[in-house]
Amino acid sequence: QLQFVESGGGLVQPGGSLRLSCVASGFTPDFFAIGWFRQAPGKEREGVSCISDSGGVTNYADSVKGRFTISRDNAKNTAYLQMNSLKPEDTAVYYCARSTSRISCDSDDMRRWGKGTLVTVSS
């Protein structure tokens with residue numbers, strides 16, 4: 001099975017932090033951008049962040065800019081999402097996938113979706 005495996009989700013209080021990991025299973029995503037997406041109950045899936053093949057270009061949704069940081073370690077076939085200053089509205093299932101592009105993460109271009117990891121921000 002060629003997909004990502006997400007981990008690191010859980011329950012955290014508002015203002016807290018979590019670090020999500022996204023490990024490629026059975027493939028190497030070195031040539032492609034990797035993106036994090038999230039979906040809250042009853043809501044549409046939205047893009048959170050994207051990192052280019054070499055890690056040199058990153059993009060963030062306005063809602064998380066300044067709070068989240070995306071990174072990757074191609075030697076470990078892994079991408080990360082450091083989430084700080086978490087808010088209740090960040091509650092969602094977080095997914096990662098690789099793009100068919102080297103530097104961008106348009107939703108229609110994403111492949112190898114993982115099963116997701118649940119992040120719940122609540123006091």
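**Exercise 1. Determine the handedness of the disulfide between Cys22 and Cys96, and where its two ends lie.**

The torsion about the S-S bond of Cys22 and Cys96 is about 85 degrees, so this disulfide is right-handed. The criterion for a disulfide is a pair of cysteine sulfur atoms within 2.5 Å, and the sulfur atoms of Cys22 and Cys96 are 1.8 Å apart. The link spans distant parts of the chain, since Cys22 belongs to strand E3 and Cys96 to strand E9, 74 residues apart; strands here are DSSP runs of at least two residues, labelled E and numbered from the N terminus. Cys22 has a relative accessible area of 0% and is therefore buried, where buried means under 20% relative accessible area, exposed over 50%, and partly exposed in between, with a 1.4 Å probe and protein chains only. Cys96 is likewise buried, at 0%.

The model is predicted, with local features requiring pLDDT of at least 70 and side-chain atom pairs pLDDT 80 or more, while totals for chains, interfaces and linings use all residues. Residues are numbered from 1 along each chain as its sequence is written, and side-chain values use heavy atoms, leaving out hydrogens and water.

**Exercise 2. Find which residue is joined to Cys50 by a disulfide, and give the pattern of the disulfides.**

Cys50 is joined to Cys105, with an S to S distance of 2.0 Å, and with 70 degrees about the S-S bond this link is right-handed. Cys50 lies in strand E5 and Cys105 in the loop between E9 and strand E10 (110-111), so the pair ties together parts 55 residues apart in sequence. Cys50 counts as buried because its relative accessibility is 6%, and Cys105 counts as buried at 16%. The count comes to 2 disulfides, and with bonded cysteines counted along the chain they follow the pattern 1-3, 2-4.

**Exercise 3. Decide whether Ser52 is buried or exposed, and identify what its side chain reaches.**

Ser52 sits in the loop between E5 and strand E6 (58-60), and at 1% relative accessibility Ser52 counts as buried. The side chain of Ser52 reaches the backbone nitrogen of Gly56 at 3.2 Å. Not counting residues up to four places away in sequence, Ser52 touches Phe32, Ala33, Val57, Arg72, Arg102 and Ile103, a contact being heavy atoms within 4.5 Å.

**Exercise 4. Place Val93 in the structure and classify its exposure.**

Val93 is in strand E9 and is partly exposed, with a relative accessible area of 23%. Leaving aside neighbours within four places in sequence, the contacts of Val93 include Phe37, Arg38, Lys115 and Leu118.

Conventions. Helices (H or I, at least four residues) and strands (E, at least two) are DSSP runs, numbered from the N terminus. A polar contact is a pair of N or O atoms within 3.5 Å; within protein, one must be able to donate a hydrogen and the other to accept it, and residues adjacent in sequence count only if both atoms are side-chain atoms.
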